[in-house]
There are 4 protein chains.
Amino acid sequence: MIEGGSTRSGSGGLTYGMVGGGEGSFIGGVHRKAIALDGLALIQAGCFSRDPAITRFTGEALGVADDRLYADATEMAKKEAARSDGIDFVVIVTPNASHYSIARTFLQAGINVVCDKPLCFEIAEAEELIALAKAKDLLFCVTYTYTGYPAVKQARAMVASGELGDIRFINAEYAQEWLATPLEASGQRQAAWRTDPAQTGKSNCVGDIGSHVENLVHYISGLKISRLCARLDIFLPGRVLDDNASIMVEYEGGAKGLYWSSQIAIGSDNALRIRVYGSKGSLEWAQENPNYLKVAMLGKPGEVWSRGRDPFVAHAQGFSRIPSGHPEGYFEAFANVYAAFCRTLLARVEKRPIAAEEMDFQTVANGLEGVTFISKCVESSRKGSVWVHLD
Amino acid sequence: MIEGGSTRSGSGGLTYGMVGGGEGSFIGGVHRKAIALDGLALIQAGCFSRDPAITRFTGEALGVADDRLYADATEMAKKEAARSDGIDFVVIVTPNASHYSIARTFLQAGINVVCDKPLCFEIAEAEELIALAKAKDLLFCVTYTYTGYPAVKQARAMVASGELGDIRFINAEYAQEWLATPLEASGQRQAAWRTDPAQTGKSNCVGDIGSHVENLVHYISGLKISRLCARLDIFLPGRVLDDNASIMVEYEGGAKGLYWSSQIAIGSDNALRIRVYGSKGSLEWAQENPNYLKVAMLGKPGEVWSRGRDPFVAHAQGFSRIPSGHPEGYFEAFANVYAAFCRTLLARVEKRPIAAEEMDFQTVANGLEGVTFISKCVESSRKGSVWVHLD
Amino acid sequence: MIEGGSTRSGSGGLTYGMVGGGEGSFIGGVHRKAIALDGLALIQAGCFSRDPAITRFTGEALGVADDRLYADATEMAKKEAARSDGIDFVVIVTPNASHYSIARTFLQAGINVVCDKPLCFEIAEAEELIALAKAKDLLFCVTYTYTGYPAVKQARAMVASGELGDIRFINAEYAQEWLATPLEASGQRQAAWRTDPAQTGKSNCVGDIGSHVENLVHYISGLKISRLCARLDIFLPGRVLDDNASIMVEYEGGAKGLYWSSQIAIGSDNALRIRVYGSKGSLEWAQENPNYLKVAMLGKPGEVWSRGRDPFVAHAQGFSRIPSGHPEGYFEAFANVYAAFCRTLLARVEKRPIAAEEMDFQTVANGLEGVTFISKCVESSRKGSVWVHLD
Amino acid sequence: MIEGGSTRSGSGGLTYGMVGGGEGSFIGGVHRKAIALDGLALIQAGCFSRDPAITRFTGEALGVADDRLYADATEMAKKEAARSDGIDFVVIVTPNASHYSIARTFLQAGINVVCDKPLCFEIAEAEELIALAKAKDLLFCVTYTYTGYPAVKQARAMVASGELGDIRFINAEYAQEWLATPLEASGQRQAAWRTDPAQTGKSNCVGDIGSHVENLVHYISGLKISRLCARLDIFLPGRVLDDNASIMVEYEGGAKGLYWSSQIAIGSDNALRIRVYGSKGSLEWAQENPNYLKVAMLGKPGEVWSRGRDPFVAHAQGFSRIPSGHPEGYFEAFANVYAAFCRTLLARVEKRPIAAEEMDFQTVANGLEGVTFISKCVESSRKGSVWVHLD
């Protein structure tokens, strides 16, 4: 069971700062709770908002010292880099539009980065961040939460082991209902920025959730998309960005895929689901029931693998905290992303070697894949839903 | 509750003959049982096989008189048409390749036709059959079984009433596993003819099950496809016809759809599923659990409508035979196709008027839609999965 | 696949008559459809109601000849017994109160009997019918429908084979909602007679559905109840018979069980469910999803066995008519009861031997077990829910 | 959203110590993570084991200062009580046998208590603890985890509001498989102490999980048991304590219930489930799928209420941290128990009034109910499964 401590020494000494995530934001608190669950790092610095009052208020509630609350990311990066007890990493949870520049700032200052997804808007930006992280020899994690579930890790292991045979076809989808009405017109903040290209980039639905589909498929199957044909729909009058998307993909090596993402699917909460079909068997995983994995092999009855009860590989099982039948959910998955990141970081700090398998978090390279996917989907759709190549 | 009798007078006097469906065939027996369940017609003639011995053996087992067992469809059509007590309709359950010519033969002889799907291979053939049925003033039913389920009829009524608002998006799929291995190489008869273009036509997977998706979506939503982009895959080496297909569709009026059909989806039995998303609500129906309909409306908890318990419209409920919780399945759905057909035919025989709604069976016109859909999917895929128009 | 014909010669020559089941009754039509589905017997005689007009009307609709429509069961038994082409068996579908006397009448006349459940009210009556059937060497089937499902037969085979190890505990329940309101006060016929001791006997809920639990457990497990402790509840004011019941049972050999049956369980349609726990594994079957069987073995992931896909034993699979994923339901289960009965009867008529396993229908002896169970539950409850022995 | 901080000032100043929960124990870490998730209190003291080395090792990992690691509970209570910065509450997570004496020790020292369930073994002990807590004016929380789920709180609210009408019947069960084999003989620690009366008390299965059933039913329904009839089974040879139990209960006011708990139910992980039937509707909740609540009302289709999407009452929704479809699980439920407890404690510390509804944690009084239930079940079973009264 993963467990650090809830105090500095208990946490192995790791500390972090956060940009964004002030009072009223949602995802910042999720990151903080995910980190706190296992006590793997302590928050010690922050620039939680462009509004200094919010930063102060939030920092106080979190017990961050006054002199480590900053007016902007640039000041924070510079001053934290200068401290002997400066933060080990920064967590970036601002709206998408600022991810790139803030990440760059911290990388340049020599601070490891954890960034919410999507990484940024443009392929060139992502490539720059990759190069910068490499040049500075820094860790860069992009928090694709769903890769944190033990059952997802087990699915990945089953594909990798060849148990399912050659992968032929993947059907993956992510359906939500929250933008089935013109919620942005009501002044709802989250809806307002998600549907605004200035803040969210060139795609809403694909950018926000289609990219999770892309990442999850890649994580589980290891397949690389060679080309795709995408149709991005706008069903609500007045919107300029997609709220639904259908995407045919082809992978290197001959496998095929079909993705659907939607924000207008009334009745769907957060219905991310993936089905992988190989020549010997298939598997299915649904995020809303994440402790189980359906497995079907040729010539055997269909199976339901239960986390904790059934023989997950040790690596996957190691990301679980409690026995079978005690549901682990979204926070635990999120915490697992941080667990792998912090373990890797700690090994670096302590100059210990660490097995490649242990560095099980999505990096800036995966972030680039996401940005590429989004860009190519938009390109395909704009051209009339034609096939475009990725390379 | 639907019930006729099991003897001639009890059945309201309707009689039928069958072409195909001899010993060893599967679907012929299903049609006969579906008809027998409600006793709406009696079998009195047949040409069950090209092998006279099989015809004789099958006929005897079914109690058909010797002089009404025929060597071929042409003889059967001619002689039955000449009898004063000739059959009221013929049921055609031969392999796909002969549907067209046999249907034409019986229409020309003035006999009503029930034909398994797909109707035929070519659009021109389907149009000829439509014209012929019209000219001869005959009924022509194509047995799209899944339209027979009460919950499907309820779904149709809910779309038609506007309860779901404007239909925006439809996601429909039909997944099977039976051709995930090269079954045809093992000599399995069904697999052999399904994968053989000479017997099955220009498409296997789309032709067999993709066409059910097309018909079910059309039946429930009433939407007409304006264009589509299809990718037909062949995953098993040596096959010449598709065993998996992904299809993007667009409907007249702006709604969009995404279809998937597969015969290589290990773990799937006969997993036909449709989800319809409107501006006010959605519905979902799955053939393997056919007595229930999931309904989700904006601002209300998700609902599960149970046939018999919940307020299906009278037309849909009228196709049910037993109380809620007593599962009705495939045979009952099939019987419902015949119930609507026989009621319509009986009204004609008895020169009674019948409401349009009561004539709730799929006709030769729906058969043409199916043939067109299959043809256009093949055309799109052959051209590199580009968009093709239907008109 | 089971198939006879829909005409006399096709049905192997078997004919039957029916007592009860006139216009307005429910279960009579179910029996007739179940028999018609496979065409194993033809209806040729009937006394469908105490009202001759209803008998005449129903008989005409079913194509029964006028001279074989009878005023009462006594006349019918006598005259049919006297005919050279008299019925091979009678189907009794009257309200419970008359089962005993009608069954006795037909047995005395030398006619095989199929009787709806419960067999009768008193243990002594059931014993008399057993003795009579034996003395006359007649078949006597009690139609416990749920034993007809292939998955139930598979469950039985898995227990018998020892795959589950020693059976330790059985949890079985049958929940309905239809009597959660005082429906009988509204004049609903079915509710009126079910809640009336004169017509339904000494128990309503246990008699009607608790007895299905008892029979299903016995059919699957083979276990014999040694003692029980029952609490029969009456939740609706004004009722004199139970509408809910909790029953602890103990079986010979040390296994234990817990049963619950209810007619006041709002939200439940016809929720019969059984879970059997052995020392090596368990199984679970639910009537509302009858084509599947959940199996869990020690050290293996949980399995879902799908009828038609997974390796049911030949005997169980033989009661299936269509491939996996095409739901078979209540009518097919009912038809399977008749299939086993008619096969046995035909073997007798044709003086062919038949394996014991093939005679897979519930007999008058099972009817006695049901009557005993009901009687003992009532006795236990009346005495203050104390333990009573069965022997 | 619940959030404190992860440092002392952030946590509102609350600190705690722990007795038990050293390296190798399971439940201690769960409590610590649950507290850390929301940062509502910081661990500052501990006696994690009877082995000082384990206490030291665990304390170090958690960042507890050396001088606050204690050799035994008595020393810890005394010294913490004497400090000006002593712990605000102690968390007791030792095996059952020592709960009573440790709790008493801390109460006597004037320290608030959180104790794992069951509270203790004897009714008299529980009554003593109640009296002591009252005399000392201390908070005493018993961590019945499952009351922490938002959907459980919603269920409680729906019963309390009268939406379901008068409660008639409750069916609740808790099935596990982990003791289906003689695991204790293998040296597995958890199994060894659970099946040992010296450590676990007079009941294993009822004590461990049956008591969760009792508490959950009481929490949701508010009903008080007036009498019960229990059969405690021992299925594995060599055991002296129950591994399965069936219990009929009757509540004050006329409602009835049926409970089943099992540790030999192969295929069950942690299957706690409750169904509540009222005169107007019913609800169903299952711990393994805890974000949903099934609701069925007379005359309305069955509903599935989704946490976050559907209109939970404000109190229930307030215990949720993330949007619908993002699963919250066992840790979040556990954290909710602590959230209510810490909020109440903080109000006391800060001398603020707090609404009764906000004090939504199970107390020592509920602990007594649990002990009484266990005792009476054992008494009933020993007397031959007869009815015994609770008063």
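**Close-ups of a predicted four-chain model: symmetry and helix H4**

**View 1. Chain D on chain A.** A turn of 180° with a shift of 0.0 Å along the axis lays chain D on chain A at an RMSD of 0.0 Å, so the two copies are related as by a two-fold rotation axis. The fit is least squares on C-alpha atoms of residues with pLDDT of at least 70 in both copies. D:Leu37 is the residue of chain D that comes closest to the rotation axis, with its C-alpha at 2.2 Å. Because 100% of the interface residues of chain D are also interface residues in chain A, the copies meet through the same surface; contact here means heavy atoms within 4.5 Å.

This is a predicted model, where local features need pLDDT of at least 70, side-chain atom pairs count only at pLDDT 80 or more, and totals for chains, interfaces and linings use all residues. Residues are numbered from 1 along each chain as its sequence is written, chains are lettered from A and ligands numbered from 1 in the order written, and side-chain values use heavy atoms, leaving out hydrogens and water.

**View 2. Chain B on chain D.** Chain B superposes on chain D by a rotation of 180° and 0.0 Å of shift along the axis, with RMSD 0.0 Å. In chain B, B:Glu303 has the C-alpha nearest the axis, 2.2 Å from it. Both copies use the same surface, as 100% of the contact residues of chain B recur in chain D.

**View 3. H4 against H5 in chain C.** Helix H4 (residues 99-108) and helix H5 (residues 123-136) of chain C pack at about 15°, with axes 10 Å apart. That makes H4(C) roughly parallel to H5(C) (an angle under 35 degrees). Axes are lines fitted to C-alpha atoms over the stretch in contact, and angles run from 0 to 180 degrees between N-to-C directions. Helices are DSSP runs (H or I, at least four residues), and strands are E runs of at least two. From H4(C), C:Tyr100, C:Ala103, C:Arg104, C:Leu107 and C:Gln108 meet C:Glu125, C:Glu128, C:Leu129, C:Leu132, C:Ala133 and C:Lys136 of H5(C).

**View 4. H4 of chain A, mostly covered.** In helix H4 (residues 99-108) of chain A, seven of ten residues are buried (under 20% relative accessible area, 1.4 Å probe, protein chains only). They are A:His99, A:Tyr100, A:Ile102, A:Ala103, A:Thr105, A:Phe106 and A:Leu107. Their packing partners in chain A include strand E1 (15-19), helix H3 (73-82) and helix H5 (123-136). Just past H4(A), A:Gly110 takes a positive phi of about 85°.

Terms used:
Angles under 35 degrees count as roughly parallel, over 145 as roughly antiparallel, 65 to 115 as roughly perpendicular and the rest as oblique. Buried means under 20% relative accessible area, exposed over 50%, partly exposed in between (1.4 Å probe, protein chains only).
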